[in-house]
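Got your viewer open? Load the model below and follow along, one selection at a time.

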Amino acid sequence: MLEANINTVNHDVNSLVKDAQALFTAAAALTGEKAEELRNRGMRMLDSALTKGKEVQASALVTGKEMVATADDYVKENPWRAIAGAAGVGLLVGVILGRK
């Protein structure tokens, strides 16, 4: 679910940045009131992209903290399983690195 949200926001931000770049390019060729309107529209788009980025960052931070708390609870409840899992991963990494 989080990955889908991140992909959606990433796509939205990329399209906003591309639209803003197009507006700024068009505004550079224009002068006067029309150029100012295009620049303002571009700035609003960039502000929107920054806001969405901050929202995703906050969401990822909350989700990360929840995952850390869940992992901490699991390790506290099952210390030997956690040790065995860490040893297994270490062994697997050692075998993979030892072959190279």
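**Stop one: helix H3**

Start by selecting valine 89, which counts as exposed because its relative accessibility is 51% and the cut-off for exposed is over 50%. Keep in mind as you click around that this is a predicted model. Valine 89 sits in helix H3, which covers residues 79–99. Now add Val93 and Leu97 to the selection and switch on a surface: together with Val89 they make a nonpolar patch of about 280 Å².

**Stop two: helix H2**

Next, which residue pairs with lysine 76 in a salt bridge? Select aspartate 72 and you have the partner, with the closest N and O atoms 3.2 Å apart. Both residues belong to helix H2, residues 33–77, and they are four residues apart, about one turn of the helix. Don't bother hunting for others: a search of the whole structure turns up one salt bridge.

Try colouring the pair by accessibility. Lysine 76 comes out as exposed, since its relative accessibility is 62%. Aspartate 72, at 36%, counts as partly exposed.

**Stop three: helix H1**

Finish with asparagine 7, in helix H1, which runs over residues 2–29. Is this side of the tour buried or exposed? Asparagine 7 lands in between: its relative accessible area is 45%, so it counts as partly exposed.

Leave asparagine 7 selected, pick valine 95 as well, and draw a C-alpha to C-alpha distance. The line spans 35 Å in space, for two residues that are 88 apart in sequence.

Definitions and conventions:
Residues numbered from 1 in each chain as written. Predicted model: local features only at pLDDT ≥ 70, side-chain atom pairs only at ≥ 80, totals over all residues. Heavy atoms only, no water. Salt bridge = Lys/Arg side-chain N within 4 Å of Asp/Glu carboxyl O. Helix = DSSP H or I, 4+ residues; strand = E, 2+ residues; numbered from the N terminus. Buried < 20%, exposed > 50% of the residue type's maximum accessible area, 1.4 Å probe, protein only. Patch = residues over 30% accessible without salt bridge, like charges linked within 9 Å, V, L, I, M, F, W, Y side chains within 5 Å. Areas by Shrake-Rupley, 256 points an atom, 1.4 Å probe, with all protein chains shown as cover.
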